[in-house]
Amino acid sequence: MNEKAIWEVLTQPVTVLKGKQREQIKVRLEPEESCKNYTGVVTCASQAVHVLEQNDDWTLIEAYSSCEEGSAVKIWALPFQGWVKTSLLQEQEVSQEYGLVVDKLQQRLYVFKNGELFSTLLCSTGYPKAGAPWNETPAGEFLLVSWTGGFWSDGGLFCDMGLRVNSGILLHEVPCVVRTDEVTGEQIKDYSRCERYL
């Protein structure tokens, strides 16, 4: 791991598409408003795109598709190229203090601080299924765009410390079962159900 090289990549400005944090743009196969053939989906404000060819009205970009459950564009987490309106492009500065790298193969989260590896954590990037490929965290470059805090997920699990990565993907603490201690009345977080998946 070349920390200096990784930090150099992490601190470069990125190009994102203008829009709200949970808004997604369907990317067209052809640079025409009438084109209804889509090559992928990009989440506004948080997902970095690579500009391949820029014209006055349309720009050819490259990214990983950021589709979610229910999307009409059935291209999940794959690299693609396509056209978006040039007016949507926005260069975004990134943190010069912190950066995160998620290694999906090793299931590790690397935290960088001021150019050096600060910590390495176990992580889980989801469980894709044949009928639900969106359960896998998409590949790509993202900005953490908001602090969402704690939230409840399926199965009555509580996920604390949520940070929004894209429209539906959050980086968060291990999901837990929250119960109240019968003696003290304090809330107790039980991580045993999900911690084993790290």
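In what follows, two residues are in contact when heavy atoms of theirs come within 4.5 Å. Keep in mind that this is a predicted model.

**View 1. Helix α1 lies across a three-stranded sheet.** Helix α1 covers residues 3–10 and lies across β8, β9 and β10. Against β8, the helix runs at about 110 degrees. The strands underneath make an open sheet in the order β8-β9-β10, and the pairing is antiparallel. On the edges you'll find β8 (98–103) and β10 (116–122), each of which pairs on one side only. Neighbouring strands in this sheet are turned by 20 degrees against each other on average, direction ignored.

**View 2. Here's the β9–β10 hairpin.** Strand β9 takes in residues 108–113, and six bridges tie β9 to β10 in the antiparallel sense. For a landmark in this pairing, look for Tyr 110, which stands opposite Thr 120 in β10. Two residues sit between the strands of the hairpin. Asn 114 is in that turn, and its phi is positive, at about 50 degrees. One thing to bear in mind when looking along the strands: side chains in a regular strand alternate between the two faces of the sheet.

**View 3. Eleven residues build the largest nonpolar core.** The members are Leu 17, Ile 25, Val 27, Val 42, Cys 44, Val 49, Ile 61, Ala 63, Phe 80, Val 84 and Leu 89. Three elements each give two or more residues to this core: β2 (24–28), β5 (58–66) and β6 (76–85). Apart from this core lies another one, of five residues, and Val 14, Val 16, Ala 48 and Leu 143 are among them. Back in the largest core, zoom in on Leu 17. Leaving out residues up to four places away in sequence, Leu 17 touches Ile 25, Val 42, Cys 44, Ala 45, Val 84, Leu 88 and Leu 89.

**View 4. Strands β11, β12 and β13 form another open sheet.** This sheet has three strands in the order β11-β12-β13, again paired antiparallel. Both β11 and β13 stand at the edges with a single partner strand each, so one side of each has no neighbour in the sheet. Strand β12 (residues 157–164) is joined to β13 by two bridges, and the two strands run antiparallel. In this pairing, Leu 163 stands opposite Leu 171 in β13.

**View 5. Leu 171 sits in strand β13.** The strand itself is made of residues 170–171. Leu 171 has a relative accessible area of 26%, so it counts as partly exposed, the range for that label lying between 20% and 50%. Not counting residues up to four places away in sequence, Leu 171 touches Leu 100, Leu 109, Met 161, Gly 162, Leu 163 and Val 165. Met 161 is ten residues from Leu 171 along the chain, and their C-alpha atoms are separated by 7.9 Å.

**View 6. Gly 126 is in the loop between β10 and β11.** The loop leads to β11, which covers residues 146–153. With a relative accessible area of 24%, Gly 126 is partly exposed. Its contacts, not counting residues up to four places away in sequence, are with Asn 135, Glu 136 and Thr 137. For scale, try Gln 47: Gly 126 and Gln 47 are 79 residues apart in sequence and 19 Å apart in space, C-alpha to C-alpha.

**View 7. Cys 35 and Cys 123 are in no disulfide.** A search of the whole structure turns up zero disulfides. For Cys 35, the nearest cysteine sulfur belongs to Cys 67 and is 15 Å away, far outside the 2.5 Å that counts as a disulfide. Cys 35 is buried, with a relative accessible area of 8%. For Cys 123, the nearest cysteine sulfur is that of Cys 194, 14 Å away. Cys 123 is buried too, at a relative accessible area of 10%.

**View 8. Zooming out, the protein chain has two helices and 15 strands.** The C-alpha atoms fill a box of roughly 65 × 40 × 25 Å, taken along the principal axes. Of the 198 residues in the chain, 33% are buried. Among contacts with a separation of 6 or more, 47% come from residues 24 or more positions apart. The accessible surface comes to about 11900 Å², and carbon and sulfur atoms account for 50% of that.

Terms used:
Residues numbered from 1 in each chain as written. Predicted model: local features only at pLDDT ≥ 70, side-chain atom pairs only at ≥ 80, totals over all residues. Heavy atoms only, no water. Pairing = 2+ DSSP bridges. Helix = DSSP H or I, 4+ residues; strand = E, 2+ residues; numbered from the N terminus. Axes fitted to C-alpha atoms, helices over the stretch in contact; angles between N-to-C directions. Core = buried A, V, L, I, M, F, W, Y, C linked by side-chain atoms within 4.5 Å. Buried < 20%, exposed > 50% of the residue type's maximum accessible area, 1.4 Å probe, protein only. Areas by Shrake-Rupley, 256 points an atom, 1.4 Å probe, with all protein chains shown as cover.
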